[in-house]
Amino acid sequence: MERANNTSLEGFILVGVSDHPQLEMIFFVVILFLYLLTLVGNLTIILLSSLDARLHTPMYFFLSNLSSLDLAFTTSSVPQMLVNLWGSDKTISYAGCVTQLYVFLWLGATECILLVVMAYDRYVTVCRPLHYTAIMNPRRCWLLAAIAWLGGLGNSVVQSTFTVQLPLCGNWRLDSFLCEEPAVIKLACGDTSLNEAVLSGVCTFFTAIPLGLIVISYCHIARAVLQIRSVEGRRKAFNTCLSHLLVVLLFYGSAIYGYLLPARTSSQDQGKFISLFYSVVTPMVNPLIYTLRNKEVKGALRRLLAKGREAS
């Protein structure tokens, strides 16, 4: 209790790039620009999926969930980053840091599960097209989405609660842009081997198993696509899955590098910038991947803009 009271008074110091002050304004402008793109891109997908009846399908239901998740994911950390980069005050309150830790772990684990759900949707689309409507009915879609969100929340409650019990012994400098678990564990002055083992085990569970399921689903998809005789049919099936695959590679690649490898193979600065990548860049890139390659989304956007011009 004494530790918590002291921390709540002092807060944590997010080091970021404060050791290179000449870079702070550059980072501020770049991160602000990427954050605005993230807001516009993800809000656009959510809006289109809600307003356009042609997008009221399971694929866009899950895509709206992904966009909502990305909005919350980036908003849980970026505003604080911008505040710290703009001025001389680099602190974040104890309550703010703990909240950020819980939310970040919750949404990160949720995205791991949600990407598996989206891979399952693609599998049913390509491999079971005649039964797609029956299998991916609204009730099942809501159930799968709930499993993703609640599964991520359960992971966060366990991991974060375990982490905040560590004794910090007056060390409040987080060598990171945000309050994430690896950085917080490094502040502890006691034995952190159990925390590191739990972190490694949970991260392996939330990456290896979902990624394995995604690979299995795409092996079935690839086999089904190769059996399609029509070149146009193969191209359409391939395009249906490519956007999701790109998102999977971006998310899991940065998550594995940021949470499973840095202690062994990378420096602290590399870990910092990887965390910046998956908290700022990935949520911005996701809507671009889905909109730039998706004729349905671009068509829905044109129809919405046309209605706006007619109304004005």
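# Working through a predicted model

Three strands, in the order S2-S1-S3, make up an open sheet with mixed pairing. Everything here comes from a predicted model, so let's get to know it through a few exercises.

**Exercise 1. Find which strands sit at the edges of the sheet.**

Solution. Start with the order, S2-S1-S3. Next, look at which strands pair on one side only: these are S2 (91-92) and S3 (173-174), the edge strands. Now zoom in on one pairing. S1 (residues 12-14) runs parallel to S3, and two bridges join them. To spot this on screen, look for Leu14, which stands opposite Leu174 in S3.

**Exercise 2. Check whether the length of helix H2 agrees or disagrees with what its residue count predicts.**

Solution. First take the count: H2 covers residues 24-51, which is 28 residues. At 1.5 Å a residue, the helix should span 40 Å. Then take the distance between its end C-alpha atoms, which is 40 Å, so the two agree.

Try the same recipe on H5 (94-127). Its 34 residues should span 50 Å, and its end C-alpha atoms are 50 Å apart, so this helix agrees too.

**Exercise 3. Work out which residues of H2 are buried, and whether Val40 is buried or exposed.**

Solution. Begin with the buried set of H2, which includes Phe27, Phe28, Ile31, Leu34, Tyr35 and Thr38. Further along, Gly41, Asn42, Ile45, Leu48 and Ser49 are also among them. A general point helps in reading such a list: an α-helix has 3.6 residues a turn, so residues three or four places apart point the same way.

Now turn to Val40, which lies in H2 as well. Its relative accessible area is 54%. The cut-off for exposed is over 50%, so Val40 counts as exposed. One more thing to look for: Pro287 is 247 residues from Val40 in sequence, yet their C-alpha atoms are 9.2 Å apart in space.

For H5, the overall picture is that the helix is mostly covered, with 24 of its 34 residues buried.

**Exercise 4. Compare the UniProt record with the model: how much helix is there over residues 60-81 and 197-221?**

Solution. Start from the record. The unreviewed UniProt entry marks several stretches as "transmembrane region", among them 60-81 and 197-221. Then look at the model. Residues 60-81 are 91% helix and 0% strand, with end C-alpha atoms 31 Å apart. Residues 197-221 are 100% helix and 0% strand, and there the end C-alpha atoms are 35 Å apart.

**Exercise 5. Describe the largest pocket: what lines it, and which helix gives the most?**

Solution. Take the volume first: the largest pocket holds about 640 Å³ of space. Of its 20 lining residues, Met59, Arg122, Lys236, Thr240 and Glu296 are the closest to the centre. Helices H3 (58-75), H5, H10 (231-259) and H13 (295-311) each give two or more residues to the lining. H10 gives the most, with six. Finally, sort the lining by class: eight nonpolar, six polar and six charged residues.

**Exercise 6. Do the same for the second largest cavity: which residues lie nearest its centre?**

Solution. The structure has four cavities of 30 Å³ or more, and the second largest has a volume of about 90 Å³. Eleven residues line this cavity, with Phe12, Tyr94, Val98, Val164 and Val184 nearest its centre. H5 and H7 (138-164) each give two or more residues, and H5 has the largest share, four. By class, the lining has nine nonpolar residues, one polar and one charged.

Technical notes: Residues are numbered from 1 along each chain as its sequence is written. This is a predicted model: local features need pLDDT of at least 70, side-chain atom pairs count only at pLDDT 80 or more; totals for chains, interfaces and linings use all residues. Side-chain values use heavy atoms; hydrogens and water are left out. The expected span of a helix is 1.5 Å times one less than its number of residues. Buried means under 20% relative accessible area, exposed over 50%, partly exposed in between (1.4 Å probe, protein chains only). Two strands pair if DSSP finds at least two bridges between them. UniProt positions are given in the numbering used here, feature names are shortened, and annotations may be inferred rather than shown by experiment. On a 1 Å grid over the protein atoms alone, a cavity is a set of points where a 1.4 Å probe fits but cannot get out, and a pocket is an open set with protein on both sides within 12 Å along at least five of seven lines; lining residues have an atom within 4 Å of a point. Grid points are joined across faces, edges and corners, and a volume is the space filled by probe spheres set on the points. Ala, Val, Leu, Ile, Met, Phe, Trp, Tyr, Cys and Pro count as nonpolar, Asp, Glu, Lys and Arg as charged, and the others, Gly among them, as polar.
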